[in-house]
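Good morning, colleagues. Please take a moment with the sequence and the model before I walk through the packing, the salt bridges and the backbone.

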Amino acid sequence: MLANAVWTALGDRLGMLDVVATRDEGTLIGHLGPDILDDAFPTEGLAEALHRIAQRGRTPIAEVLLDQTALAGIGTIWASEPLFLRRIWPWTPAAEVPDLAGLLLMTRGLMVRSVESTSGPTVTGEGGRGQGSYVHSRMGRPCRRCGTPIERGVAGEPPTERPISYCPRCQPAP
Ligand SMILES: [Zn+2]
């Protein structure tokens with residue numbers, strides 16, 4: 001938790017946190033893509049995000065979703081879960097993902113609902129440890145859709161690679 005006399009910022013399950021002086025903010029956020037949780041995202045940010053993602057061409061969609069310069073706000077939960085729901089292989093080239101706009105708007109809808117949840121991040125709508133996700137943090141456990149063990153792969157290259165969870169049967173490589 002960070003706080004001053006006016007504001008309190010509460011972070012929940014943060015993978016990384018950088019704190020800088022206000023004058024240096026540009027070094028951290030000057031390069032960010034549109035914020036998926038911004039109220040104006042559906043009307044103003046979406047087109048720019050789609051443009052930035054399309055520019056990544058053959059880069060795997062999971063890696064691009066986690067790239068904050070393409071679209072800001074998505075971590076490993078919100079990269080893995082929507083790709084499962086849409087049955088998209090996480091290493092599908094970004095430019096070949098069907099209905100990318102629909103994927104981003106669905107992701108935003110799930111994130112907004114989760115923010116409003118009192119029991120922490122949830123995709124399934126269920127609360128409680130291990131109940132809130134379809135694939136994230138469920139490696140080796142049976143897929144909720146088909147029973148196949150959930151696998152964990154890697155998006156990106158060292159040292160900035162990130163874990164991506166997926167069902168190899170529901171999200172097969174093309
Ligand atoms: Zn499955």
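The buried residues of helix α5 are covered by elements that include α2 (41–54), α3 (61–65) and α4 (76–85). I should say at once that this is a predicted model.

Helix α5 runs over residues 100–115, 16 residues in total. From its first C-alpha to its last, α5 reaches 23 Å, which is close to the 22 Å expected at 1.5 Å a residue. Its buried residues are L100, G102, L103, L104, T107, R108, L110, M111 and S114. As a general point, an α-helix has 3.6 residues a turn, so residues three or four places apart point the same way.

Allow me to take one of these residues as an example. T107 lies in helix α5, and it counts as buried because its relative accessibility is 3%, where the cut-off for buried is under 20%. Which residues does T107 touch, not counting those up to four places away in sequence? The contacts of T107 are I36, I74, W78 and P82.

Turning to α2, the buried residues there are F41, G45, L46, A49 and I53. The cover over the buried residues of α2 includes α3 and α5. The relation between α2 and α5 can therefore be read from both sides: α2 is among the elements covering α5, and α5 is among those covering α2.

I come now to the salt bridges. The count comes to four, and I shall discuss three, including one inside α2.

That one joins R52 and E48, with the closest N and O atoms 2.7 Å apart. Both residues lie in helix α2, four residues apart, or about one turn of the helix. R52 is partly exposed, at 22% relative accessibility, and E48 is also partly exposed, with a relative accessible area of 35%.

The next pair is R56 and D67, whose closest N and O atoms are 3.0 Å apart. R56 lies in the loop between α2 and α3, while D67 lies in the loop between α3 and α4, so this salt bridge ties together parts that are eleven residues apart in sequence. R56 counts as partly exposed at 24% relative accessibility, and D67 counts as partly exposed at 24% relative accessibility.

The remaining pair I wish to show is D99 and R86, whose side chains meet in a salt bridge at 3.3 Å, N to O. D99 and R86 are each in the loop between α4 and α5, so the pair ties together parts 13 residues apart in sequence. The relative accessible area of D99 is 48%, which makes it partly exposed; R86 counts as partly exposed at 31% relative accessibility.

That loop also deserves attention for its backbone. Phi of D99 is near 50°, a positive value in a residue other than glycine. R87 lies in the loop between α4 and α5 as well, and R87 has a positive phi of about 55° although it is not a glycine. At 49% relative accessibility, R87 counts as partly exposed.

Beyond α5, in the loop leading to β3, we find P121. P121 is partly exposed, at 29% relative accessibility. Leaving aside neighbours within four places in sequence, P121 is in contact with D12, R13, I77, S114 and G132. Of these contacts, S114 is one of the buried residues of α5.

Next, the strands. How do strands β3 and β4 pair? Residues 151–155 of β3 and residues 162–166 of β4 pair in the antiparallel sense, over five bridges. Within this pairing, G153 stands opposite I164 in β4. The two strands form a hairpin with six residues between them, and in the turn G156 has a positive phi of about 90°. The loop between β3 and β4 also holds P159, which is joined to P158 by a cis peptide bond with omega of about 5°.

Finally, the surface. L2, L14, L17 and V19 form a nonpolar patch there, with about 410 Å² of accessible area together. V19 is placed in the loop between β2 (8–9) and α1 (25–29). Is V19 buried or exposed? V19 counts as exposed because its relative accessibility is 59%, where exposed means over 50%.

Thank you; I welcome your comments.

How values were computed
Residues are numbered from 1 along each chain as its sequence is written. This is a predicted model: local features need pLDDT of at least 70, side-chain atom pairs count only at pLDDT 80 or more; totals for chains, interfaces and linings use all residues. Side-chain values use heavy atoms; hydrogens and water are left out. Patches are made of residues with over 30% relative accessible area and no salt bridge: like charges are joined within 9 Å, nonpolar side chains (Val, Leu, Ile, Met, Phe, Trp, Tyr) within 5 Å. Accessible areas come from the Shrake-Rupley method with a 1.4 Å probe; for residues, only the protein chains shown count as cover. Buried means under 20% relative accessible area, exposed over 50%, partly exposed in between (1.4 Å probe, protein chains only). Two strands pair if DSSP finds at least two bridges between them. The expected span of a helix is 1.5 Å times one less than its number of residues. Contact means heavy atoms within 4.5 Å.
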